[in-house]
Amino acid sequence: MKAKTIEYEIDEDFFCKPFWVLQEAKSRFVVLYGGSNSSKSWSNYQHLLLWMLEGDDNAIVYRKQGSTLRNSVFENLKLCAKQLEVFD
């Protein structure tokens, strides 16, 4: 089964600075600095979703506390996908 292609345009004002750091990164690991409201996690969700939409890729997310994956990471990924209008 061939993956469906989704075309999108990126509005630069829609994304925060950490998102652009991730988009422009050439290394395997990226360290984002900032306070608790600096959108580090949200920018990661946005970047991850767009990266998966661009190709036929999967991703896995790890957290120090695995029990928080469903309540935090998965829910935030769904919210981000709704914001990007790619969630059914």
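**Close-up views of a three-helix chain**

**View 1. Glutamate 85 has its place in the segment after H3.** The model shown here is predicted, and local features are described only where pLDDT is at least 70, side-chain atom pairs count only at pLDDT 80 or more, and totals for chains, interfaces and linings use all residues. Residues are numbered from 1 along each chain as its sequence is written, and side-chain values use heavy atoms, with hydrogens and water left out. Most residues other than glycine have a negative phi. Glutamate 85, although not a glycine, has a positive phi of about 60°. With a relative accessible area of 71%, glutamate 85 is exposed (exposed means over 50% relative accessible area, buried under 20%, and partly exposed in between, with a 1.4 Å probe and protein chains only).

**View 2. The chain as a whole contains 3 helices and 0 strands.** Helices (H or I, at least four residues) and strands (E, at least two) are DSSP runs that are numbered from the N terminus, and the elements follow one another from that end as α-α-α. Taken along the principal axes, the box filled by the C-alpha atoms is roughly 40 × 30 × 25 Å. The chain has 88 residues, of which 22% count as buried. Of the contacts between residues at least 6 apart in sequence, 54% join residues at least 24 apart, where contact means heavy atoms within 4.5 Å.

**View 3. Helix H1 (residues 17–24) and H2 cross at roughly 40°, and their axes come within 8 Å.** That angle makes H1 oblique to H2, because angles under 35 degrees count as roughly parallel, those over 145 as roughly antiparallel, those from 65 to 115 as roughly perpendicular and the rest as oblique. The axes are lines fitted to C-alpha atoms, for helices over the stretch in contact, and the angles run from 0 to 180 degrees between N-to-C directions. The crossing of H1 and H2 is right-handed, a term used if the near helix is turned clockwise from the far one by less than a right angle, whereas an anticlockwise turn is left-handed. H1 contributes Pro18, Phe19, Leu22 and Gln23 to the contact, and H2 contributes Lys40, Ser43, Asn44, Gln46, His47 and Leu50. By class, these residues divide into 4 nonpolar, 5 polar and 1 charged (Ala, Val, Leu, Ile, Met, Phe, Trp, Tyr, Cys and Pro count as nonpolar, Asp, Glu, Lys and Arg as charged, and the others, Gly among them, as polar).

**View 4. Serine 43 and histidine 47 both belong to H2 and both touch residues of H1.** Serine 43, at 0% relative accessibility, counts as buried. Not counting residues up to four places away in sequence, serine 43 touches Cys16, Pro18, Phe19 and Leu22, and a polar atom of the serine 43 side chain lies 3.4 Å from the backbone nitrogen of phenylalanine 19. Histidine 47, found in helix H2 (residues 40–54), is in contact with Phe19, Leu22 and Gln23 when its neighbours within four places in sequence are left aside. The side chains of histidine 47 and glutamine 23 are joined by a polar contact of 2.6 Å (a pair of N or O atoms within 3.5 Å, of which, within protein, one must be able to donate a hydrogen and the other to accept it, while residues adjacent in sequence count only if both atoms are side-chain atoms).

**View 5. H2 packs with helix H3 (residues 69–83) at an angle of about 65°, the axes being 9 Å apart.** H2 is therefore roughly perpendicular to H3, and the crossing in which H2 passes H3 is right-handed. On the H2 side Trp42, Tyr45, Gln46, Leu48 and Leu49 take part, and they meet Ser72, Val73, Asn76, Leu77, Leu79, Cys80, Ala81 and Gln83 in H3. The contact of H2 with H3 has 9 nonpolar residues, 4 polar residues and no charged residues.

**View 6. Serine 39 lies in the loop between H1 and H2, as do serine 36 and lysine 26.** Serine 39 counts as buried at 19% relative accessibility, and its phi is near 65°, a positive value in a residue other than glycine. Serine 36, by contrast, counts as exposed at 75% relative accessibility; from C-alpha to C-alpha, serine 36 and asparagine 71 are 18 Å apart in space and 35 residues apart in sequence. Lysine 26 is exposed as well, with a relative accessible area of 82%, and its C-alpha atom is 28 Å from that of lysine 82, which is 56 residues away in sequence.
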